[in-house]
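Biologist: I'm new to this structure and would love a close look at a single part of it. Could you take me through the pocket, please?

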Amino acid sequence: MNIVENFDLFAPKLINKQELLSSGHRACSGCGEVLAVRLMCKALGENTVIAAATGCMEIISSMFPTTAWRVPWIHVAFENTAAVASGVEAGLKALRKKGKIDDRYIKVVGMAGDGGTMDIGFQALSGAMERGHDMIFVCFDNEAYMNTGIQRSSGTPMGASTTTAPAGKVSSGQKTWKKNMAEIMAAHGIPYVATACPSYPLDFIRKIEKAKSIKGPSYIHCFSMCPTGWRSPSNTAISVGRLAVETGVFPLFEVEHGLYRVSPDMPKKLRPVKDYFKSQGRFRHLKEDEIDTIQDRINLEYKKLLEKEKCLKTGNAQKITEVG
Ligand SMILES: Cc1ncc(C[n+]2csc(CCOP(=O)(O)OP(=O)(O)O)c2C)c(N)n1
């Protein structure tokens, strides 16, 4: 289905008012990630089973003997979130086939932080996507191992100060470029990949709904603002998320059956990355030349993304899908 021509089909309609992640959890004040999880649950609805890795969202929501989850939720190890989710999906399929459960469609979701997705849970995720399980995997990327004390991950951006990549006299924070997880997932050739940010809630909900409607594997990479780890005031999570999108630090796009589409929320012209850096203490130490290097990289990556989208607009997309 052509995602541009059929955009109205996917546009957000009424938002589910039911809260499937209840209040009373222990998230930090101003946490952008828990807002994203709440929106995700609204979009998924109650016919959902979630497998969640250890991480902030687990420790804040499931302190024994309480739980904030109003859908079946399984806490699993860092390494095997996607493997557990794929097992649940296969199990439900088998039970349905044998007539042991009713015919209701249940969506299985795996979720983890950037550490649990991009580092330690990576091989299980790659395997589940390649096997084609009917599931969604959502990475809530707060750009470090946050609940254990702000250690760097492969999702930490270049130059950010963390406790294991600290800024100081001889170091300028993280020394490596952020792993481009959405592109890695797109390279698996799965039906649907998207980036999202809770500062754009309708875009986020629409993407989760679309992933839910797809029978097959989907991956959503969600930018998850963390005032605690990013050294920013707790009332700035939404504005920081907006700045990340407006500066192209975190572009919003989706890849449906190999076809790229940049979100209409992206600005015509990107703001300078400096505006984004100013909003957080973790970038406070960066010097002009370091900021320039990062700016060049952002410009290049965004240009590459727009080029990929251009294929769709120029009609080359048809050729790509025919070949694919
Ligand atoms: C194999 C393994 N290594 C280390 C840990 C300890 N540990 C628990 S949560 C966590 C950090 C999780 O980081 P991330 O996935 O980015 O989630 P966040 O806490 O940022 O939400 C670590 C290192 C663990 N539970 N299992």
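Which elements each supply at least two residues of the lining of the largest pocket?

Modeller: Happy to help! This is a predicted model, in which local features need pLDDT of at least 70 and side-chain atom pairs count only at pLDDT 80 or more, while totals for chains, interfaces and linings use all residues. Residues are numbered from 1 along each chain as its sequence is written, and side-chain values use heavy atoms, with hydrogens and water left out.

To your question: α7 (181-186), α11 (273-277) and α12 (288-313) each give at least two residues to the lining of the largest pocket. Helices here are DSSP runs of H or I with at least four residues, strands are runs of E with at least two, and both are numbered from the N terminus. With eight residues, α12 provides the largest share of that lining.

What counts as a pocket? On a 1 Å grid over the protein atoms alone, a pocket is an open set of points where a 1.4 Å probe fits, with protein on both sides within 12 Å along at least five of seven lines; lining residues have an atom within 4 Å of a point. Rolling a probe the size of a water molecule over the atoms shows where empty space is left.

The largest pocket holds about 620 Å³ of space, where the volume is the space filled by probe spheres set on the points, joined across faces, edges and corners. Its lining counts 30 residues, and those nearest the centre are Lys178, Asn180, Val249, Pro251 and Glu301. By character, the lining has 17 nonpolar, four polar and nine charged residues. In that sorting, Ala, Val, Leu, Ile, Met, Phe, Trp, Tyr, Cys and Pro are nonpolar, Asp, Glu, Lys and Arg are charged, and the others, Gly among them, are polar.

Leading towards α7 is a loop that starts after β4 (135-141), and glutamate 143 sits in this loop. Glutamate 143 has a positive phi of about 65 degrees, although it is not a glycine.

Finally, the setting of the pocket: the protein has 13 helices and eight strands. Its radius of gyration is 19 Å, close to the 20 Å of the globule rule for 324 residues, so the protein is as compact as a globular protein of that length. That radius is taken over C-alpha atoms, and the rule is 2.2 Å times the number of residues to the power 0.38. The C-alpha trace spans about 65 × 55 × 35 Å along its principal axes.
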